[in-house]
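Reader: I would like to learn how to read a few features of a structural model with care, going from the general idea to the particular case. Could we work through one together?

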Amino acid sequence: MSNHEGQKPVRKEMSRRQFLSYTLGGTTAFMAGGVVLPMVRFAVDPILQKKEKSAFIKVVEESKITNDPVEYKFKIHQVDGWYESEAELVAWVSKGADGKIFALSPVCKHLGCTIGWNTEQSDQYVCPCHGAHYTRDGKNLSVAPKPLDEYQVELKDGFVYLGPIVANTRV
Amino acid sequence: MFKAVYNWIDERLDVAPLWRDVADHEVPEHVNPAHHFSAFVYCFGGLTFFITVIQILSGMFLTMYFVPDINNAYASVDYLQHKVAFGGIVRGMHHWGASLVIVMMFLHTLRVFFTGSYKAPREMNWVVGMLIFFIMLGLGFTGYLLPWDNKAYFATKVGMQIAESVPYIGVYLKELMQGGTIVGAQTLTRFFAIHVFFLPGALLALMAAHFFMIRKQGISGPL
Ligand code: HEM
Ligand code: FES
């Protein structure tokens with residue numbers, strides 16, 4: 001269509017300078033990537049590694065559980081990089097108004113301090129750090145933004161087994 | 001003797017212009033406490049630098065004994081503090097210096113703020129200063145875990161919960177910083193690396209930029 005009479009056809013040609021900056025730039029980027037990528041992948045490895053689900057651990061006889069929360073300790077096998085150990089976990093176990101046995105995690109949902117039961121004679125869980133309060137079911141009454149987490153409970157042969165920690169199912 | 005050595009080097013490398021460029025410049029009257037005592041507020045930047053040098057030096061010496069391992073970290077700190085000559089002093093320098101550097105930095109920032117020195121053309125140096133501030137907080141946070149005592153462990157746990165509360169990325173951020181799902185062996189090695197190599201490296205680069213800009217732009221004028 002366009003008429004370029006008397007004009008030399010314009011060739012879209014790359015200048016030497018452009019050619020060199022593309023090839024050298026590309027090579028540099030490739031080499032820099034080769035240096036940086038292994039280190040980045042190395043550093044983020046922990047978030048990409050498969051997590052193993054924690055098993056259910058036998059904690060206490062079912063018959064011992066009452067309506068009042070009691071603190072039970074149990075051990076899980078913990079793998080922390082090149083360290084393996086038996087780590088102690090704590091659960092506050094009680095029977096709810098519905099007759100169901102449930103176990104609360106003692107980790108405050110505010111900033112992770114350890115809560116205690118009835119430390120103010122108020123029939124509540126209380127956190128000593130910034131004064132979070134929770135009901136028997138772990139419902140957050142003040143300070144904390146979420147209810148206390150729960151351990152998954154399994155009842156087998158008259159014993160309470162506790163498993164992975166999940167979000168509260170009771171409130 | 002010293003003079004002879006200096007001259008011998010200077011003949012070959014002409015070093016005089018190098019140190020002259022760094023050291024040989026006038027201190028304006030309004031920043032000189034000998035003229036107006038209240039000008040001592042201009043010393044806080046230099047004092048921050050002084051304490052930073054102490055942190056770096058004392059930290060380098062602490063690593064001669066310190067072991068970043070959950071079974072040995074506490075014992076190594078206990079040993080260097082109680083069994084090594086001047087251990088209490090060297091660790092004390094690092095321990096108290098860590099708080100003092102924050103105080104000095106804060107006072108320096110107040111001076112810059114109230115003399116309006118952050119205004120054009122020095123905005124970039126304010127930004128660099130803020131980056132240095134965050135690096136210092138990072139050094140304080142990562143260093144605090146290293147002795148691996150109860151205070152260290154729980155302070156870090158709470159710090160991790162704070163990181164976790166960041167919307168959306170919080171969980172990953174926490175796990176990345178922890179180097180796993182708990183505050184444990186991998187957290188200690190990670191924090192040690194960050195405390196001793198990554199952050200000091202970034203700090204030195206930022207301080208170089210800070211001082212380069214000060215030298216280029218000069219100290220801000222009197223009020
Ligand atoms: C190159 C620079 C540095 C190195 C090599 C270094 C090294 C170390 C080492 C090995 C420890 C553990 C020993 C101990 O706890 O006594 C430590 C602790 C610590 N570091 Fe550093 N550090 C450096 C810079 C800094 C800076 C600039 C700060 C300032 C904010 C800082 C803050 C801390 C804190 C708060 C502790 C805990 C000290 C304690 O509890 O006694 N470090 N550092
Ligand atoms: S951590 Fe429990 S109230 Fe803040």
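**Charged pairs, a metal site and a surface patch**

Author: This is a predicted model, and we can begin with a pair in which the side chains of Arg12(B) and Glu11(B) meet in a salt bridge, with 3.7 Å from N to O. In terms of accessibility, Arg12(B) counts as partly exposed at 49%, whereas Glu11(B), at 63%, counts as exposed.

Reader: What is the general idea behind such pairs, and how many salt bridges does the count come to over all chains?

Author: Side chains of opposite charge can pair when their charged atoms come close. Over all chains, the count comes to 12 salt bridges.

Reader: Which residue forms a salt bridge with Lys51(A), and where do the two partners lie?

Author: The partner of Lys51(A) is Glu175(B), and their closest N and O atoms are 3.0 Å apart. This pair crosses between chains, since Lys51(A) sits in the loop between helix 1 and strand 1 of chain A, while Glu175(B) belongs to helix 8 of chain B. Lys51(A) is partly exposed, with 44% relative accessibility, but Glu175(B) is buried, because its relative accessible area of 15% falls under 20%.

Reader: Which residue of chain B pairs with Glu164(B)?

Author: Glu164(B) forms a salt bridge with Lys174(B), with 3.5 Å between the closest N and O atoms. Glu164(B) is in helix 7 and Lys174(B) in helix 8 of chain B, so the salt bridge ties together parts that are 10 residues apart in sequence. Here Glu164(B) is partly exposed at 28%, and Lys174(B) is buried at 16%.

Reader: Turning to the metal, how should I read the angles between donors, and what arrangement surrounds the iron atom of ligand 1?

Author: Ideal angles for six octahedral donors are 90 or 180 degrees. Around the iron atom of ligand 1, the six donor atoms subtend angles of 87 to 179 degrees, which makes the arrangement octahedral. His94(B) and His195(B) each coordinate this iron atom through NE2, at 1.9 Å. The two residues link distant parts of the chain, with His94(B) in helix 5 and His195(B) in helix 9 of chain B, 101 residues apart, and both are buried.

Reader: Finally, which helix of chain B gives the most to the nonpolar patch?

Author: Helix 3 of chain B gives the most, with five residues. The patch lies on the surface, has about 1,000 Å² of accessible area together, and includes Phe49(B), Val53(B) and Phe211(B). Val53(B), which is found in helix 3, is partly exposed, with a relative accessible area of 32%.

Methods
Residues are numbered from 1 along each chain as its sequence is written. Chains are lettered from A and ligands numbered from 1 in the order in which they are written. This is a predicted model: local features need pLDDT of at least 70, side-chain atom pairs count only at pLDDT 80 or more; totals for chains, interfaces and linings use all residues. Side-chain values use heavy atoms; hydrogens and water are left out. Donors are N, O and S atoms within 2.8 Å of the metal (3.2 Å for Na, K and Ca); water is not among the atoms, so sites may look incomplete. Four donors count as tetrahedral if all angles lie between 85 and 135 degrees; four count as square planar and six as octahedral if opposite donors are over 155 degrees apart and all others between 65 and 115; anything else is irregular. Helices (H or I, at least four residues) and strands (E, at least two) are DSSP runs, numbered from the N terminus. Buried means under 20% relative accessible area, exposed over 50%, partly exposed in between (1.4 Å probe, protein chains only). Patches are made of residues with over 30% relative accessible area and no salt bridge: like charges are joined within 9 Å, nonpolar side chains (Val, Leu, Ile, Met, Phe, Trp, Tyr) within 5 Å. Accessible areas come from the Shrake-Rupley method with a 1.4 Å probe; for residues, only the protein chains shown count as cover. A salt bridge is a side-chain nitrogen of Lys or Arg within 4 Å of a carboxyl oxygen of Asp or Glu.
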